[in-house]
Amino acid sequence: MENFIIEGGVPLRGTVSISGAKNAAVAILPAAILIKGKCRIENIPNISDILLCYDILNILGAKITHISKNEVEIDCTDIHNDVVPTDIARKFRASYYFIGSLLGRFKDASVGFPGGCNFGSRPIDQHIKGFELLGSNVSTEGGVIHASAEKLTGNSIYLDVVTVGATINIMLTAVLAEGTTVIENAAREPHVVDLANFLNTMGANIKGAGTDVIKIYGVSELHGGSTYSIMPDQLEAGTFMVAAAASKGDVLITNCITKHLDSISAKLVEIGVNVEEGESGDSIRVSCNRRTTKTSIKTLPYPGFPTDMHPQMAVLLSVSEGISYINESVFDSRFQYADELNKLGAKIKVDGKIAVIEGVNSLIGGQVSACDLRAGAALMIAGLIAEGTTKIDGVEHIYRGYENIVNKFQDLGGKIIVSSNQ
Ligand code: EPU
């Protein structure tokens with residue numbers, strides 16, 4: 001098992017280029033199943049969740065040609081509808097997108113239960129409601145979810161909670177259904193829009209993605225034959241923004257979409273960080289030369305402050321002046337990282353869904369464990385700003401969602417060594 005050894009205290013300086021968005025890519029690769037033909041996908045992040053998507057596509061008989069480490073051609077003309085085994089499905093959350101895409105293509109899908117980060121209970125009732133309203137029967141047996149339909153027919157589906165996963169899964173199922181599907185109270189996240197753009201490029205007819213009402217006019221087939229480039233990762237960009245601010249550095253973040261970063265930029269500016277957006281909307285410079293101040297954050301679905309940026313912000317607020325509050329309103333529980341940060345000298349108390357963070361002057365290096373993807377990124381930022389040496393284990397969680405993260409931090413001056421001993 002690998003771990004990271006970080007020597008803290010160096011302000012991050014320089015330029016970092018953002019990779020393709022994980023949460024878009026893990027939906028777009030399963031969506032290729034809906035195309036009886038070839039498609040080419042560029043700007044795919046080279047991360048372990050994507051390797052799992054390739055493993056599943058290979059099991060299903062897709063022909064994948066790797067053009068480069070970030071670009072593939074996928075041909076799903078002759079795929080078969082095998083069971084997606086539980087041992088792969090449970091390794092990541094997005095495996096459940098194979099239900100929507102296999103159901104859309106074959107009117108039948110059998111996929112092992114999904115895994116993913118542990119944020120308390122993560123129900124999939126809204127996915128199942130969507131599959132059923134489109135005409136499917138859904139059952140579970142032996143850790144496998146089965147969905148099948150005689151015929152898929154468009155319907156009006158009101159989501160009881162704003163959910164990215166169910167919005168995407170319903171889109172995947174409805175693209176080839178007969179008639180029109182309307183998703184109300186849909187998630188508006190950028191990766192929902194990116195998936196809709198991919199599907200439309202391949203011949204789908206989806207309108208309204210990015211608003212809370214998405215209309216999917218069913219088409220008889222997706223023609224493929226086109227190339228699609230995945231959008232930049234909002235959360236990777238946000239992570240580098242917070243790292244730049246926390247380290248009192250000066251970082252130019254390129255290949256991003258600044259509009260997607262508005263809620264993060266606004267919070268950083270509020271606590272005293274300099275944030276300058278590039279004129280063309282695809283770069284952002286973050287610098288900070290003074291102690292930041294307290295704030296309150298409530299995580300919300302897009303365009304609110306992303307839950308996936310909350311652990312990283314907790315690190316910055318740990319060394320900001322005053323008492324800050326983070327209210328996690330998307331997931332039941334996302335505070336497992338707080339004990340780890342407290343080992344480095346942070347003062348975080350968790351009360352239900354609220355973290356109360358008393359700012360300290362500095363963090364002190366120590367030994368910590370990454371319990372999930374964003375918690376891992378947060379611990380890297382903590383290590384980079386702490387006095388002395390920090391050792392992080394559990395870094396396989398970080399590799400799930402950040403391409404080349406060690407090199408990217410090293411290029412900004414961060415002192416990180418990857419160690420392989422225990
Ligand atoms: N929910 C339900 N019923 C459902 C589905 C969701 O009650 O059927 C609830 C969840 O329990 C949660 C809320 O709705 O309280 C939002 O869940 P959502 O479906 O939006 O989350 P997800 O699809 O499980 C995706 C991302 C997460 C990200 C969330 C929120 C992927 C693969 N995962 O998860 O990303 O935190 O949306 O934006 O896209 C990450 O990248 O680190 C990550 C965890």
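A residue counts as near the ligand if one of its heavy atoms lies within 4 Å of it. In this predicted model, 26 residues surround the ligand, and the closest are Y96, Q126, V164, D308 and V330. By class, this shell holds 12 nonpolar, seven polar and seven charged residues.

Helices contribute to the shell. Helix 1, helix 5, helix 6 and helix 12 each supply at least two of its residues. The largest share, three residues, comes from helix 5.

Three side chains place a polar atom beside an oxygen atom of the ligand, as the table lists.

| Residue | Distance from its polar side-chain atom to a ligand oxygen atom |
|---|---|
| N23 | 3.1 Å |
| R122 | 2.9 Å |
| R374 | 2.8 Å |

Taken alone, the ligand exposes 830 Å², and the protein buries 91% of that.

Where does the ligand sit? The space taken by the ligand is the largest pocket. About 1000 Å³ of space lies in the largest pocket. Its lining has 44 residues, and the closest to its centre are R122, V164, G165, V330 and F331. By class, the lining has 21 nonpolar, 12 polar and 11 charged residues. Helix 1 (22-31), helix 5 (125-133), helix 6 (164-174), helix 8 (234-246) and helix 12 (373-385) each supply at least two residues of this lining.

The second largest pocket has a volume of about 200 Å³. It is lined by 13 residues, and A246, S247, K248, N361 and I385 are the closest to its centre. Seven residues of this lining are nonpolar, four are polar and two are charged.

How values were computed
Residues numbered from 1 in each chain as written. Predicted model: local features only at pLDDT ≥ 70, side-chain atom pairs only at ≥ 80, totals over all residues. Heavy atoms only, no water. 1 Å grid on protein atoms, 1.4 Å probe; cavity = no way out; pocket = protein on both sides within 12 Å on 5 of 7 lines; lining within 4 Å. Points joined across faces, edges and corners; volume = space filled by probe spheres on them. Helix = DSSP H or I, 4+ residues; strand = E, 2+ residues; numbered from the N terminus. Nonpolar A, V, L, I, M, F, W, Y, C, P; charged D, E, K, R; others polar. Polar contact = N/O pair within 3.5 Å; in protein donor to acceptor, adjacent residues only side chain to side chain. Areas by Shrake-Rupley, 256 points an atom, 1.4 Å probe, with all protein chains shown as cover. Sits in = over half its atoms within 2 Å of the grid points.
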